[in-house]
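Biologist: I should like to learn how to read the domains of a protein model and the surroundings of a ligand. Could we go through an example together?

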Amino acid sequence: MLPQETVRRKRSGETLTSDEIARFIAGVTDGGVSEGQVAAFAMAIWFNGMARDETVALTLAMRDSGDVLAWSDIDRPIADKHSTGGVGDNVSLMLAPVAAACGLAVPMISGRGLGHTGGTLDKLEAIPGYTIMPSADLFRRTVKDVGCAIIGQTADLAPADKRIYAIRDVTATVDSVPLITASILSKKLAAGLQSLVLDVKVGNGAFMTDAAEAETLARSLVEVANGAGVKTSALITDMNQPLADAAGNAVEIANCIAFLKGEKAGTRLERLVLAFAAEMLVLSGAETDRVRADAKAAKALASGAAADVFARMVHALGGPSDIIENADAYLPSAPVIRQVIAAQSGYLSVCDTRGVGLAVIELGGGRSRPDDTIDHRVGFDRLLPLGTRVEKGDEIGRVHAANTEDAGRAAQRLAAFYPIAPEAPALPPDILTRISA
Ligand code: URA
């Protein structure tokens, strides 16, 4: 069928067959389908949506547009997690090592910052020597020998998604549940996973600010991934404040290393990392009992096994061998570090989380254009969690900036992002809902 016929049928609200979706996506990959046709196809889907079977067919066609990895030489369960993105969301950096230390193999394909949210790859590039684009052989060896490797999407992995995503980005068609579902899952399925846990974020620092929308996306992702043969569940988690006590690149790696050394015990971040690790263990079949899975994940962290896996992954992918012991010697530091002080006594009541993410970009820690270079040194750290009681003059966080002007501006903005109220706020739970097949 001609591509314009497929576009016409979708535009008219008809249901596409798996075959015609596969043919259209083959044309996207080999260039037979023009940019205008891709844009029209995406817009037709944006307006008319897709039935579940169509979304499954689109996901599989996009997965099959490039290499699909197989891990037959690894006898551990092949598992992964994906987050829809947030601020101070560095969970992947610690979760992959915790899961690997518990016996899973985690070939994690991660992305760069998108909009106001940070990207795992940008954070990892703060580590000198770490290669986010290793050869296929090094990627495989690292997953096999260490248990996890966090890398970027290579040109051979779901290339149809790369082309469609770039066109969606400039045609106002990013925010479509079937398109987001196929885009995220095509890359994850191409990594050859057996199970996948999704972190669907909701709140003022997430792409989905509304709980009902987050649930619709989570259900779509879970149903389509399971329909495509990968055991998948989703946790909908709160993103109404930065998750780590840091937001930026080097500062989030420093936070990750402190976490792996046991210095972030009792935080929301720790609760979420361990909850995701236990979910991965149960979903993958590595553990049948949730209580045992919780204990296993906690032990992997407390024993230092996860820190050891992280160190070995960093070294295998080109970074230093002693990043855990000597992080300060390797991570780039900003020339100006400024405290942000509470202007009055009371409770940190709410946070403009999206504002924090945008402020990181304005400091130079993110991009306003795709080809911008990032200043890995800048961002915020020592951020206090919401609900903290502060006295006038207490530190509520710190700014890391390239110069004093940027530091002053960011400090003022950070103080405004955290209004202080006389009453302690009512806070949502860390995990709002679990969605399974
Ligand atoms: N992340 C992706 O990879 N794709 C989307 O469409 C949205 C977020």
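Modeller: The dialogue below turns first to the domains and then to the ligand. Please keep in mind that this is a predicted model.

Biologist: Which domains does the domain assignment give for the chain?

Modeller: The assignment divides the chain into domain 1 (3-49), domain 2 (79-327) and domain 3 (333-421). For domain 1 and domain 2, the C-alpha centres are 31 Å apart.

Biologist: How many residues of domain 1 are in contact with domain 2?

Modeller: Contact is counted between heavy atoms within 4.5 Å. Here, 15 residues of domain 1 touch 13 residues of domain 2. Together the two domains bury about 1100 Å², with 77% of that area on carbon and sulfur atoms. Between domain 1 and domain 2 there are zero salt bridges, but three residue pairs are in polar contact.

Biologist: Which element gives the most to the side of domain 1 that touches domain 2?

Modeller: Two or more residues come from each of α2 (18-30) and α3 (35-48). Of the elements on this side, α3 gives the most, with seven residues. By class, this side of domain 1 holds nine nonpolar, five polar and one charged residues.

Biologist: Which residues are around the ligand?

Modeller: A residue is listed when one of its heavy atoms lies within 4 Å of the ligand. The residues around the ligand are L114, Y165, R168, I180, S183, I184 and K187.

Biologist: Which atom of the ligand lies 2.6 Å from a polar side-chain atom of S183?

Modeller: For S183, that partner is a nitrogen atom of the ligand. By the same reading, R168 places a polar side-chain atom 2.9 Å from a ligand oxygen atom, and K187 places one 2.5 Å from an oxygen atom of the ligand.

Terms used:
Residues numbered from 1 in each chain as written. Predicted model: local features only at pLDDT ≥ 70, side-chain atom pairs only at ≥ 80, totals over all residues. Heavy atoms only, no water. Domains from an automatic or database assignment. Buried area = accessible area lost by both parts, 1.4 Å probe. Salt bridge = Lys/Arg side-chain N within 4 Å of Asp/Glu carboxyl O. Polar contact = N/O pair within 3.5 Å; in protein donor to acceptor, adjacent residues only side chain to side chain. Helix = DSSP H or I, 4+ residues; strand = E, 2+ residues; numbered from the N terminus. Nonpolar A, V, L, I, M, F, W, Y, C, P; charged D, E, K, R; others polar.
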